[in-house]
Amino acid sequence: LQEWLATPIGTSLLEVEARLARETLDGLFGEQFLQLGQWGQRDLFLPFARTQSAWLTTMPGSLDTGDIIAEPARLPIESESIDVVFMPHTLDLTDHPHAVLREVYRVLRADGQLVVMGFRPGGLWGLRRLLTWRSYPPGRPTMISDRQLSDWLRLLDVKIHGVRRYFFRWPFGGNRKPAVRRWEAVGDRWWPELASCYALTAKKQLHTLTPIRQRWRRPAAAVG
C-alpha cells in the first residue's frame, strides 16, 4: 500500500487529503490529538493539529514507527483523555471496525471530536472493485460507506456534524495528471455520488443528569 501511495495517483490523493485535513482540523482545539494509523508520511497530518500535543499510533510489527505502538482496538490510553481523534483510512484497513469505534469512543473526552477519512464503495473506485478481481487500492480488505458509518456512530451516541466527499480521479494507475482544486470543486458540486472518498466529522455526545429535587413540605401537625 505504501508503494501505491508513492505512485502519481496515490500522491495526488495524499495532496488532496492533506489540504482537506488542514481545513477540517483548523477549528478543533484542546489538549490531546490522536491519529490512529499512519497514512502516507509520518508528518503528513500531525502538523495540522491545533491541540497542545499530537500523537501517532502504528500497528505492532509495522515498518513505520509511531509515538504509540498498539492495536487500534486495544489502545493503552486512559479513558476520556483525548480531545480529537483523527482516522485516515483506519477503518478501511482493519478487520474489526466496530471494535475500533468502541475504543475510540472510550478514549474520547466528553464533547470530543472525531474525524474519519475513508473510501466510498459507491464511488468511482468502488465501481472498479466490482469490475475487477483486484482490490483497489491494494491491501484494502473492505470499504465502509459514509451512510453506514454514520449509523454505527449514532448507535454509540455520537453526533454527526457533516460528511464531505472528495477525490474525483479515475481509478487507473496510468493517471499521471496532478490533482486540480478546480476539478475537485466541480465534482463536489455536480456529481458528489461519484467521489472516491469521504471525510466525516462527528462529536461525542454528553448527556448530563439533572437531579429533580422534591418540593419542601411543612410537616403535618400532630394535633389539628
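**Entry 1: the largest cavity**

I began with enclosed space and found that the largest cavity holds about 50 Å³. I note at once that the model is a predicted one. I then asked how many cavities of 30 Å³ or more the structure holds. I recorded one.

Next I looked up which residues line the largest cavity. I listed L101, V104, Y105, L108, L114, L153, L156, V158 and K204. I sorted the lining by character and counted eight nonpolar residues, no polar ones and one charged one. I classed K204 as the charged member, since Lys counts as charged.

I then turned to the elements behind this lining. I found that α3, residues 97-107, and β5, residues 108-119, each supply at least two of the lining residues. Which element gives the most to the lining? I found that α3 does, with three residues.

**Entry 2: strand β7 and its partners**

I followed K204 out of the lining and into strand β7, which covers residues 197-204. I asked whether β7 is mostly covered or mostly open. I found that six of its eight residues are buried, so I entered the strand as mostly covered, with buried meaning under 20% relative accessible area.

I checked the pairing of β7 on two counts. With β5, I found seven bridges and an antiparallel course. In this pairing I noted F119, the last residue of β5, opposite C197 in β7. With β6, residues 158-166, I found that β7 again pairs in the antiparallel sense, over eight bridges. Here I noted I160 opposite A202 in β7.

I returned to the cavity with these strands in mind. I saw that the lining includes L108 and L114, V158 and K204. I placed L108 and L114 in β5, V158 in β6 and K204 in β7.

**Entry 3: the chain as a whole**

I stepped back to the full protein chain and recorded six helices and seven strands. I read their order along the sequence as α-α-β-β-β-β-α-β-α-α-β-α-β.

I looked up burial across the chain and found that 45% of its 224 residues count as buried. For the accessible surface I entered about 13100 Å², with 53% of this belonging to carbon and sulfur atoms.

Lastly, I examined how far apart in sequence the contacting residues lie. Among the contacts with a separation of 6 or more, I found that 72% come from residues 24 or more positions apart.

Methods
Residues numbered from 1 in each chain as written. Predicted model: local features only at pLDDT ≥ 70, side-chain atom pairs only at ≥ 80, totals over all residues. Heavy atoms only, no water. 1 Å grid on protein atoms, 1.4 Å probe; cavity = no way out; pocket = protein on both sides within 12 Å on 5 of 7 lines; lining within 4 Å. Points joined across faces, edges and corners; volume = space filled by probe spheres on them. Helix = DSSP H or I, 4+ residues; strand = E, 2+ residues; numbered from the N terminus. Buried < 20%, exposed > 50% of the residue type's maximum accessible area, 1.4 Å probe, protein only. Pairing = 2+ DSSP bridges. Contact = heavy atoms within 4.5 Å. Areas by Shrake-Rupley, 256 points an atom, 1.4 Å probe, with all protein chains shown as cover.
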